[in-house]
Amino acid sequence: MSFDSTERVLRPDSGRFDPLANALRALAIDAVQAANSGHPGAPMGMAEMAVALWHRHLRHDPADPAWPGRDRFVLSNGHASMLLYALLHLSGYALPLDELKRFRQLHSRTPGHPELGVTPGVETTTGPLGQGLANAVGMALAEKLLAAEFNRPGHAIVDHHTFVFLGDGCLMEGISHESCSLAGTWGLGKLIALYDDNGISIDGPVAGWFADDTPRRFAAYGWNVIGPIDGHDVDALDAAITEAKRSVGKPTLIACRTTIGRGSPARAGTAKAHGEPLGADEVQATRAAIGWPHAPFEIPPEIASAWDARRRGAEAHADWRARMTAYRTAHPALAAELQRRLAGELPHDHAEAVFGAITEFAASTAPVATRKASQQVLARLAPTCPELLGGSADLTGSNLTDFPGSGAVKAGQLQGGGRHVHYGVREFGMAAIMNGLALHGGFVPYGGTFLTFSDYSRNALRMAALMKLRVVHVFTHDSIGLGEDGPTHQPVEHAASLRLIPNLDVWRPCDAAETAIAWTEALAQRQRPSALLLSRQALPAQAREPGQVPAMRRGGYVLTDRPGARAVILATGSEVALAIEAQRLLDARGMPVRVVSLPSSTVFDRQEAAWREAVLGRGLPRIGVEAGVTRWWGQYGCAAALGIDCFGESAPLAALATHFGLTAEALADLVQAHAAAPKTALIDQGCM
């Protein structure tokens, strides 16, 4: 896809074409042409950048893409995916040439944008611009924190760089400001970003809408800035990377002046080079211009041999193994703990801690806000789970994401063993950095903000779900129950909206016991993220039989039942107490009903059909209740639902509940009406 702008941005360069870079250009051109789809311009423009980094600096082992001692490489401008696929293929990863020929085809290992778990050597899924850069910040933070925790004199076992390629689009996205400001504040000296400054985006030359002085911007963040330099001069790029690797207390930005589509006589420097094939005639013209006479997908043996990184990778890996052996001999307990954490395995005594926490909170009878219960659960689990790394977007005292002894991760304190990150008011940056922490390994990150602000971080949540990352989002102030702050802060559509994201578990617990279950289940999920929706206001503890405790793990269960029940009330979170009170009112009216607590519909929906049917019942009208939008209840065959299908109001909670009809009396009346004469109705009282 490109705009029809014919304006050109051509950067001055030597006019020479490096043969190693040409191999990357040719593979990108050929794959995009074969697919009749893709983005050839960025790979053609960044080819020399890739040669300088991958051929002269990057420490990696194609035989073991997950080797913990490797450098990390992130392609934040993920539309340039063919550059990465060409690098992986030529370096010797398990990515055969046939897969490059199947670029962008169904079930190929070369999808349109890099995807974690699909292509060996891909460190993170990128495409939404700016998020790869933020992921890289998270990876570099993980490296720095793990090095401080595990390295010992003479044993720098955690010691690698994080490199990231990025373009103008990444820097236009606001997340680049959030994450790069933090990287500078944290002094992530092993983070090196190479900026593909080609001056072109889809609509044409960026000068009309992106006039930032990027080097000065990053210098203001506290970064070390090199350049602008000629992004097509491999030796200059090599020298810049060498200089950047000497930086100790600052991340480095290398500004590389490049020409998009370099080598294409008609397309170089234009928007048309960005997102469409060059066309057969222009492909031939480009081959002639760069001095590449070879057939499509043909790499001369001497070029293939020069690119092959398997021997160098094996040597670097063997050196690290030797150092790991020496480290294990000198510090066996530390070595075992590091390996456990990098493998993503929870501690051996975690199950005991989980059992103790669930037992304690299941026996609790005191009313408590679920955000407070969450903090209490963390206080029980965190001491035996050191990989838990928390944080908040400047709302620690409201989200209650800290715990006794958690310490702080902030400027000047990254070496002190803190376990709670002060992200500042940066919800999107926080969420994407958490993804980077999880991608690196060694941590299970969690972070907090208000539920209504989940909108800021939503795309990073989606990326976590797509990548199957174990991250936990703590979203407090989950309804109109937060009261006087009003509709800007009162979520109504957010819970239902989050439940739509595939592979994201959403928990809205009703009391301390369900909160403990939500946390323990979130930590047990190695292949998906979780969102915990927690109340500001205190909620009553619900009475349960011992056998109901494991049932909570299933996401939905019968909380209380009555013989001869004539209806079923389905409730989540704070409205479970409302359902229990309505059940009592209906008892007095001679109408027995069942109350189902649904702390996680996403988990409940994965249960076997027999369990779901046993919980929901057959032949009885179902009525849902949640302090939010009502349409989602239809998936459970509800005849009616009580909720809020409009924005909230600023007032104390009691006044809001009356105004919106979220009362036990209103719920009892609704149930009674439908138990007597079932019909479909979604009730959103108070929205006039």
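A polar contact is a pair of N or O atoms within 3.5 Å; within protein, one of the two must be able to donate a hydrogen and the other to accept it, and residues adjacent in sequence count only if both atoms are side-chain atoms. The model is predicted, so local features need pLDDT of at least 70 and side-chain atom pairs count only at pLDDT 80 or more, whereas totals for chains, interfaces and linings use all residues. Residues are numbered from 1 along each chain as its sequence is written, and side-chain values use heavy atoms, with hydrogens and water left out.

**Exercise 1. Find the side chain with which Glu-521 makes a polar contact, and decide whether Glu-521 is buried or exposed.**

Solution. Begin with the location: Glu-521 belongs to helix α20, residues 512–524, where helices (H or I, at least four residues) and strands (E, at least two) are DSSP runs numbered from the N terminus. Next, look at the side chain of Glu-521, which makes a polar contact of 2.6 Å with the side chain of Arg-553. Then list the contacts, meaning heavy atoms within 4.5 Å: when residues up to four places away in sequence are not counted, Glu-521 touches Trp-507 and Arg-553. Finally, apply the accessibility classes, in which buried means under 20% relative accessible area, exposed over 50% and partly exposed in between (1.4 Å probe, protein chains only). Glu-521 counts as buried because its relative accessibility is 15%.

**Exercise 2. Work out the strand order of the open sheet of six strands, and say which strands stand at its edges.**

Solution. Two strands pair if DSSP finds at least two bridges between them. Following the pairs across this open sheet of six strands gives the order β10-β9-β11-β12-β14-β13, with parallel pairing. The edges are β10 (420–422) and β13 (505–507), and because each has a single partner strand, one side of each is left without a neighbour in the sheet. From one strand to the next the twist averages 20°, an angle that rests on axes fitted as lines to C-alpha atoms (for helices over the stretch in contact) and runs from 0 to 180 degrees between N-to-C directions. Helix α17 (residues 427–440) packs on this sheet, where it touches β9 (388–392), β11 (444–450) and β12 (472–476), and its direction makes about 170° with that of β11. At the β13 edge, three bridges join β13 to β14 (residues 530–533), and the two run parallel; here Trp-507 stands opposite Leu-532 in β14.

**Exercise 3. Describe the open sheet of five strands, and locate the cis peptide bond that involves Pro-228.**

Solution. The order of this open sheet is β1-β2-β3-β7-β6, and its pairing is parallel. Its edge strands are β1 (72–75) and β6 (224–230), each pairing on one side only, and the twist averages 15° from one strand to the next. Five bridges join β6 to the parallel strand β7 (residues 252–257), with Asn-224 opposite Thr-252 in β7. Now turn to Pro-228, which is found in strand β6: a cis peptide bond joins Gly-227 and Pro-228, and its omega is about 15°. Most residues other than glycine have a negative phi, and most peptide bonds are trans.

**Exercise 4. Sort the residues of strand β19 by the way they point, and name the residue that stands opposite Gly-624.**

Solution. In a regular strand the side chains alternate between the two faces of the sheet. In β19 (residues 622–625), Arg-622 and Gly-624 point one way while Ile-623 and Val-625 point the other way, and all are buried. Four bridges join β19 to the parallel strand β17 (residues 568–571), where Ile-569 stands opposite Ile-623. Three bridges join β19 to β20 (residues 640–642), again running parallel, and there Ala-641 stands opposite Gly-624.

**Exercise 5. Classify the aromatic pair formed by Trp-67 and Trp-320.**

Solution. Rings of Phe, Tyr and Trp (its six-membered ring) pair if their centres lie within 6.5 Å, and planes under 30 degrees apart count as stacked, over 60 as edge-to-face and the rest as tilted. By this rule the count comes to 14 aromatic pairs. One of them, formed by Trp-67 and Trp-320, is edge-to-face, with 6.4 Å centre to centre and 75° between the planes. This pair links distant parts of the chain, 253 residues apart, since Trp-67 lies in the loop between α2 (41–56) and β1, and Trp-320 in helix α12 (residues 310–330). Both Trp-67 and Trp-320 are buried.
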